[in-house]
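Good morning, and thank you for coming. I shall take you through one structure, beginning with a sheet, moving to a pair of helices and ending at the ligand.

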Amino acid sequence: MKLADDFIFGGATAAYQCEGASKEYGKGKVAWDDYLEKQGRFAPDPASDFYHQYPVDLDLCKKFGVNGIRISIAWSRVFPTGEGQINQEGVDFYHKVFQACKKNGVEPFVTLHHFDTPDALHKKGDFLYPHTIDCFVNFAKFCFEEYKDEVQYWFTFNEIWPVTSGQYVTGTFPPGEKYDVTKAIEAMHKMILAHAKVVIAFKEKGYKGQIGIIHSLETKYPSDASKPEDVLAAKREDILTNQFLLDATFHGEYSAETMEHINFLFGLEGKTFKPAEIELEQMRIAAKYNDYLGINYYQSHFTKSYDGESQINHNGTGDKGTSVYRLKGIGEHVFKEEIDRTDWDWLIYPEGLHDQILRIKEQYPNYKAIYITENGMGYKDDFEDGTIDDTPRIDYIKRHMHWIGKAIEKGANVKGYFVWSLMDVFSWSNGYNKRYGLFYVDYETQKRYPKKSAYWFKELSETKEV
Ligand code: BGP
């Protein structure tokens, strides 16, 4: 099929993963700074040096048919401690980036929070500390006003479940706590509340742009659909990781089914989940205002019932087969012989994206539009004298585009697709050998090299055939 003329063929980035200059030009600390230093595996500098290379990257966008870019504004570059004093140098930097976008005909899609809460607020409990929510709303209001002539497309958060589960379940994000599912759920709820308050603030001022949120939606299938216990495991995992956030986003409250399963998980800890009515009121108002949903999709899971204690091993090195995921009260992830996976054990299953898009259309018919805000393949690219043959990545994107096309044919309103990532960037928990970019970055020289996928993507943006 042929995609619409105004379809966005974008590339995605995130401030902390591409900018570098993480401690320069007045930028305040984020929790990752100390966490990565202590871990000693890799550093956030110079990353892809986007802070200085953005003119090159935006020029490449133009040359390769990339007509949209996802960037995030680093909260601590604007407010070094998350509140109070503004860092004008940081504010000006993003003006320069947006001007370069305009010059190259690249539409900026801007995220306000991409895993990088300022350290001062993170230390007090991140979004579980109520004052963080107020600070985030102020930061958002500041950005809306400051960049109102340059930015039309906003997102509040990038991936609430992955950030909270990284913080409190898998322990791969600072503060590195493990297996505290109820803490992750409480934090998700507070982030959704922050999202709601920001959306309301945006709409009350009547800005001409649009606003939404990005969820990472990994589709959960029972390992054996004939076994009721596996069906239940997949269902419960979907509710924890997807439906909880989708209910909150589009209904402004949690359905009876969601509450039942969430309280099953709380019950295992002798606790109850009971969101305050005053919070739900805000969420209900915001639910009507979302202009679009961003879906990040990389993989699906096949879940089998599991009765033991939690046991998770994160494959952060690309040694295939080292990943273990068993979560108490939820289930266990299993590999499937017939389904290929990346070296990081991410199952390549594009049908899952199609199913997830249609699920939104059917279960949340008040959604207005969908952007696929991240999709792509982590791959150990071979750099051979500047020629990078990343055919597996092309196949990956092609297959996902094909299934997006099928969902559009069935009536889903998908308006754009952003490859993660535009250029190679560093990965939070996997470092620098897991590359995703259309453009190869030589981290020593910061020179960019278009990969085979960049040429293919250019052609795709011209033919629009998927
Ligand atoms: C998403 C994040 C991105 C990016 C991507 C790839 O969860 O929004 O920031 O990192 O996943 O993940 P990873 O770097 O772990 O391979």
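Please look first at the open sheet, whose 5 strands follow the order β6-β8-β11-β10-β9 with mixed pairing. Please keep in mind that this is a predicted model. As a reminder, strands of a sheet pair through backbone hydrogen bonds, in either a parallel or an antiparallel manner. Which strands stand at the edges? They are β6, residues 220-222, and β9, residues 311-313. Each has a single partner strand, so one side of each is left without a neighbour in the sheet. From one strand to the next, the twist averages 35°.

Let us stay with β6. Its partner is β8, residues 301-304; the two run parallel and are joined by 3 bridges. In one of these pairings, P222 has T303 in β8 as its bridge partner.

I turn now to the helices. The axes of α8, residues 160-168, and α9, residues 181-204, come within 9 Å and cross at roughly 145°. The crossing is right-handed. On the α8 side, the contact involves I160, W161, V163, T164 and Y168; on the α9 side, it involves K183, A184, A187, M188, M191 and I192. By class, this contact comprises 9 nonpolar, 1 polar and 1 charged residues.

Finally, the ligand. How many residues surround it? There are 15, and the closest are Q17, E159, S427, K434 and Y436. Side chains also approach oxygen atoms of the ligand: an N or O atom of H114 is 2.8 Å from one, a polar atom of N430 lies at 2.9 Å, and an N or O atom of W428 is at 3.0 Å.

How values were computed
Residues numbered from 1 in each chain as written. Predicted model: local features only at pLDDT ≥ 70, side-chain atom pairs only at ≥ 80, totals over all residues. Heavy atoms only, no water. Pairing = 2+ DSSP bridges. Helix = DSSP H or I, 4+ residues; strand = E, 2+ residues; numbered from the N terminus. Axes fitted to C-alpha atoms, helices over the stretch in contact; angles between N-to-C directions. Left-handed = near helix turned anticlockwise from the far one by under 90°. Contact = heavy atoms within 4.5 Å. Nonpolar A, V, L, I, M, F, W, Y, C, P; charged D, E, K, R; others polar. Near = heavy atom within 4 Å. Polar contact = N/O pair within 3.5 Å; in protein donor to acceptor, adjacent residues only side chain to side chain.
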